[in-house]
Amino acid sequence: MKFISGINPNALAYSMTTLGAGMMNSIFSFYYVKLFLNRYKISEAAFHQAQVIFMIWNAINDPLFGYIQDNSKAPCCSRRQFSILYGAPLYAVAFLLPWFPWKQYEEGDWLSGLHLIIALCAFDGLLTFVLLAQCALFAEISTRHESRLQLIKYNQVATLVGSTSILFCGLISDNMENFTYFQLFTVLVGVMATACMCYTGVYSTTEYEQKATLVKGFDPGHAEKALSWSSVFLLTKQIMSQPNFLLFVTMNFFQVFHLAFCSNFMMIFADNLIPKDVLSSSFRSLMYGAGFICPQCLVLISQTSLRKFGYYKIIMCSFYLEGIAAAVMFVLGPEYYYLLASYLTANMVIVQASFCLFNLPLADIVDADLKQYKRRSPLSSMVFGTNALFTKPAQSLAPIFVVTILNQFGYANLTKVAEPNPSFFLGLHDVMFYMICLVPLCIAVIQILTWRPFSIRNSHLTPAH
């Protein structure tokens, strides 16, 4: 294929998976909790059971798929591009599962709980299979810092475009009030996402595959011989023996928790703390869309700062910003509605933006592991998978934590009333406000203390080679 001058075809191909996944993931994480709690009226017990099962599956499928992709002899698993190409259609089907109820659910219907379990596990399983392959591509396309920054740039443009799905979904479906329009929009998103990810599967290449044309007999898909399961524990031990990896995983766990806290409950908090006569439905759609779109813009305009200061300082600054903003909002109180809306959006933006940079330290950890153990090719999928083993449970712990607290203050009763009297739920509104301030503040403090000892800080100064 011919490309416009100045466009890197490999970076473009890599970013197309980000575009497709971004369209689906943002809609899934933003709407599924409210859908099952408010529309399907799932019981608290069933919701928690689904989240616990999801947490276990979420933790084990990443290292499992990481091992398979690094050591399988089947091309659909060992070749990163084939994993994306064949996984994309199934990923899209899994995305559509929650939006179509299996029947007209009654309140507390056991089938809605089973529906949530299958929807979460299927979606995360296919998400992991496809995006773990893409994460490995990030580390293997090039070892140069400049090339990786270029991938980040293309990635953020793709994520920026993909995250507009939240904005258009909100405007078209009136923030899921028109459920039929919402369902039609998700089908369209699924089809478009599949096409985008298949483009990556066909057109992307890695540095190690390029070596195959120069080194006779070099097989990039099997540079390391297939490993026994006993060897997996040795490799995992080697990966976890790196202090920087342990520090990153700890910090990343709280980032994933914070991200799930924001994306799953931003709409619920805004709907309850900001009166509808203060912010219209269309303005709320713009606000929710901004929470997903602005992070990508922020990362794009910070490319110069990334080259100058490196990801370590940028990520550290984001933690301080989150903590300061939370403390200021807590002192001011919940009565300043426009300020509260700005804070909810800004908090979402900062958390998302800093999380977008996390592939950079992980890729450096992959490089460090490659040098330390003199491997013939990097164990990219295993490093990303082992990281996910310890961080993905936060995606379930966040909704369990929040729903448990909210239901203790009457949120379950709130969803049963068509037009609730606000005076009956003042305690609920207070605890919501405390959560949106104190949770980010506590997380910021923990992350600052954890990120400070991380020692791979100067990869942005490494000369190109």
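Start in the middle of things: the largest nonpolar core takes in 134 residues, and I27, Y31, I436 and W451 are the ones that touch the most other members. Keep in mind that this is a predicted model.

Y31 makes a good way into that core. Leaving aside residues up to four places away in sequence, Y31 touches W99, I166, C169, G170, N175, M176, F182 and M267. Contacts between residues far apart in sequence are a theme across the chain: of the contacts with a separation of 6 or more, 85% are between residues 24 or more positions apart.

Zooming out, what is the chain built from? It has 18 helices and zero strands. Of its 465 residues, 58% count as buried. The accessible surface adds up to about 19400 Å², and carbon and sulfur atoms account for 67% of that.

Now for helix 18, which covers residues 426-451. How far apart should the ends of its 26 residues be? At 1.5 Å a residue the span should be 38 Å, and the end C-alpha atoms are indeed 38 Å apart, so the two values agree. Helix 18 still has a bend of about 25°, placed at M435. Next along from there is I436, one of the core residues named at the start, as is W451.

Two loop residues deserve a look for their backbone angles. Most residues other than glycine have a negative phi. K41 and D174 go the other way: phi is positive in K41, and also positive in D174. Here is where each one sits:

| Residue | Phi | Loop | Relative accessible area |
|---|---|---|---|
| K41 | near 50° | between helix 1 (9-39) and helix 2 (44-71) | 27%, partly exposed |
| D174 | near 55° | between helix 6 (145-173) and helix 7 (179-203) | 36%, partly exposed |

Finally, the cysteines. How many disulfides does a search of the whole structure find? Zero. Take C198 as an example: why does it have no bonded partner? The closest cysteine sulfur belongs to C196 and lies 9.4 Å away, which is too far for a bond, given that a disulfide needs the two sulfur atoms within 2.5 Å. As for cover, is C198 buried or partly exposed? With a relative accessible area of 21%, C198 is partly exposed, because buried means under 20%. C262, by contrast, has a relative accessible area of 7% and is therefore buried.

Terms used
Residues are numbered from 1 along each chain as its sequence is written. This is a predicted model: local features need pLDDT of at least 70, side-chain atom pairs count only at pLDDT 80 or more; totals for chains, interfaces and linings use all residues. Side-chain values use heavy atoms; hydrogens and water are left out. Helices (H or I, at least four residues) and strands (E, at least two) are DSSP runs, numbered from the N terminus. The expected span of a helix is 1.5 Å times one less than its number of residues. The bend at a residue is the angle between axes fitted to the seven residues ending there and the seven starting there. Buried means under 20% relative accessible area, exposed over 50%, partly exposed in between (1.4 Å probe, protein chains only). Contact means heavy atoms within 4.5 Å. Accessible areas come from the Shrake-Rupley method with a 1.4 Å probe; for residues, only the protein chains shown count as cover. A nonpolar core is a set of buried Ala, Val, Leu, Ile, Met, Phe, Trp, Tyr and Cys residues joined through side-chain atoms within 4.5 Å.
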